[in-house]
Amino acid sequence: MINCDQEQRVKKKARFEELKKSRRLTSDFRKLSQQILHLVNQTGSRREFIHDVIRILLEYSASDSINFILHGGVVYGCRRSENNSLVCSVKHRADTELFETPAKLFSMQKSSPFITRKGSLWIGCGTDVLDEDQKNRLQTFLEGFSSAVAIPLHTHREKGEFLIMKSSKKFFFTSDEVELYEDLSRIFDIAYENQQSHWELRERVKELTCLYNIGKIVERPDSSFHEIISEISEMLPPSLQFPDIASCRIILDGREYKTAGFLEEKVKLASTIQARGKPRGEIMVSYSRKIAEIDDAPFLIEEQNLLHMVAEQISLIVEQKEGETMKQKLQEQLRHADRLATIGQLAAGVAHEINEPLNNILGFAQLMEKSDLAEQTKQDLQKIIQSSLHAREIVKKLVYFSRQMPPRKASVDLNKIVGEGMFFLESRCVRKGIRINRELSPTLPEINADPGQLHQVLVNLVVNAIQAMPEGGTLTIATTVSGKNIALAVRDTGIGMDDHVKSQLFIPFFTTKDVDQGTGLGLSVVHGIVSSHGGKIEVESSPGSGSCFTVFLPPAQISRTRKKHEHP
């Protein structure tokens with residue numbers, strides 16, 4: 001009877017101890033859950049959050065090592081050192097064998113004594129049921145520890161994510177504790193996803209703030225182009241995941257803008273800057289030192305998108321600034337062209353005012369010449385008459401060049417056009433120290449063209465040649481028969497041009513001269529006139545070797561034949 005009562009008391013005490021331990025575990029579980037959930041709004045990056053969770057679990061469980069295996073190939077871990085301090089680390093798929101999921105590692109079924117009903121791997125009892133290969137794998141997984149538990153996680157609904165806890169003591173984890181950690185894993189799943197959402201939201205706020213600040217800089221009217229680009233380079237590092245070790249460099253049209261301490265490390269992100277369809281530079285951000293989490297996921301997809309958006313914004317700034325510069329240049333060129341047009345309009349009135357006194361001088365001189373005068377006086381009168389005729393010819397040609405009239409094609413002798421066109425330019429060549437070399441074919445066929453427009457072509461080409469020889473040289477004007485076409489070549493021994501300048505010669509308003517030296521319209525007008533006559537123009541030039549512009553035009557009979565076929 002006594003033995004029976006003692007046995008009941010022992011059983012009652014055991015049930016009381018179990019109930020007490022159960023209540024303690026429940027209370028501890030509540031506290032652990034609250035601590036983990038509280039971390040969501042306290043820590044910054046994913047790495048900091050997970051390591052804080054690990055420290056809490058190590059303190060509670062008295063384990064010697066805890067690892068979180070998460071998606072993306074990263075193992076976050078922490079273990080006790082010999083002096084009982086904590087050593088945290090981040091490993092990767094290539095650095096650890098922990099990525100073999102525990103269940104797959106041991107090839108066990110749900111009925112195995114090492115697998116709990118919730119799918120966790122629990123190693124703390126005998127291993128006699130294992131074969132030799134499984135025992136070897138077990139030793140690799142335990143890494144020198146005696147007890148371990150691996151609990152599946154589903155932070156991103158992926159397989160192969162585990163919470164792994166290890167101890168150097170045998171039979172360290174009890175069944176109740178394993179159940180608690182299994183329940184705790186679900187709390188961690190919720191906290192982890194919330195923390196990631198908060199973290200990503202903070203990153204988006206930083207990125208949007210960066211774009212907003214860039215917009216404010218661009219709108220400042222007092223900011224120069226170089227100041228804007230320099231400030232943008234300073235704004236990018238604070239928008240990245242790890243701003244303390246981030247730096248930025250922008251290369252634009254060969255000029256470099258970079259933050260202090262920039263190093264082009266392996267951990268970098270870059271985007272090309274393009275303006276008007278051409279690459280103009282590059283924007284790059286990098287981290288000045290390596291950390292494990294950076295090696296795994298150094299830059300977010302959103303950060304790559306941010307860099308692309310900033311590169312596009314810089315491209316727009318470049319195009320806007322260049323557009324404003326081009327607008328100012330065009331306005332100045334148009335004002336210059338307007339002044340030339342005004343001079344042309346005044347030329348006719350000025351010519352009339354000059355012609356009247358010239359006619360009087362010429363008339364009276366010719367009248368006096370018929371009188372009975374001394375021979376010396378007649379010679380002097382002849383000089384007056386020749387000078388008056390020369391002045392009248394200049395006025396006549398000036399009016400011819402300045403008047404506006406529709407194109408009127410006729411059979412034209414190209415050699416005659418050259419002779420008339422050089423009438424105004426010979427004296428200018430002499431003053432510049434330029435020798436004129438004429439190589440005109442005497443058997444040149446006539447062409448069907450507008451004489452006034454051909455004069456304009458010749459004058460523009462010759463003026464360009466003169467300006468290309470500031471130190472003097474030789475100007476060669478040649479006319480030849482080239483195949484079925486008539487060719488007019490204007491060659492100089494001037495400074496020449498590179499391929500870049502040659503590719504843009506006939507673009508309206510493109511010029512390498514100062515604003516007061518040219519409008520950038522001459523060669524585009526020449527190209528338009530030659531094209532309208534069914535011809536073409538070719539350019540040969542290289543720096544320091546002079547230039548040669550050759551105009552090819554069809555002869556008159558070809559033009560008449562075409563006209564006959566077009567109008568039967």
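How many nonpolar, polar and charged residues does the lining of the second largest cavity have? Hold that thought, and let me set the scene.

This is a predicted model, where local features need pLDDT of at least 70, side-chain atom pairs count only at pLDDT 80 or more, and totals for chains, interfaces and linings use all residues. Residues are numbered from 1 along each chain as its sequence is written, and side-chain values use heavy atoms, with hydrogens and water left out.

Let's start with the cavities. On a 1 Å grid over the protein atoms alone, a cavity is a set of points where a 1.4 Å probe fits but cannot get out, and lining residues have an atom within 4 Å of a point. Points are joined across faces, edges and corners, and the volume is the space filled by probe spheres set on them. The structure holds 2 cavities of 30 Å³ or more.

The second largest has a volume of about 30 Å³. Its lining is made by Ile447, Asn448, Ala449, His533, Leu553 and Pro554, and strand S13 (residues 447-449) gives the largest share, 3 residues. So, back to my question: 4 nonpolar, 2 polar and no charged residues. Here Ala, Val, Leu, Ile, Met, Phe, Trp, Tyr, Cys and Pro count as nonpolar, Asp, Glu, Lys and Arg as charged, and the others, Gly among them, as polar.

The largest cavity holds about 50 Å³ of space. Its lining has 8 nonpolar residues, with no polar and no charged ones. Among them are Leu414, Val457 and Leu553. Helix H10 (414-421), helix H12 (451-467) and strand S17 (547-553) each give two or more residues to that lining, and H12 gives the most, with 3. Helices (H or I, at least four residues) and strands (E, at least two) are DSSP runs, numbered from the N terminus.

Now for a sheet. Four strands form an open sheet in the order S8-S7-S10-S9, with antiparallel pairing; two strands pair if DSSP finds at least two bridges between them. Strands S8 (255-258) and S9 (268-275) stand at the edges with a single partner strand each, so one side of each has no neighbour in the sheet. Strand S7 (residues 246-252) pairs with S8 over 4 bridges, and Ile251 stands opposite Glu256 in S8.

Last, two helices. The axes of H2 (residues 46-61) and H5 (residues 175-219) come within 11 Å and cross at roughly 160°. That makes H2 roughly antiparallel to H5, a word for angles over 145 degrees. Axes are lines fitted to C-alpha atoms, for helices over the stretch in contact, and angles run from 0 to 180 degrees between N-to-C directions.

Definitions and conventions:
On a 1 Å grid over the protein atoms alone, a cavity is a set of points where a 1.4 Å probe fits but cannot get out, and a pocket is an open set with protein on both sides within 12 Å along at least five of seven lines; lining residues have an atom within 4 Å of a point. Angles under 35 degrees count as roughly parallel, over 145 as roughly antiparallel, 65 to 115 as roughly perpendicular and the rest as oblique.
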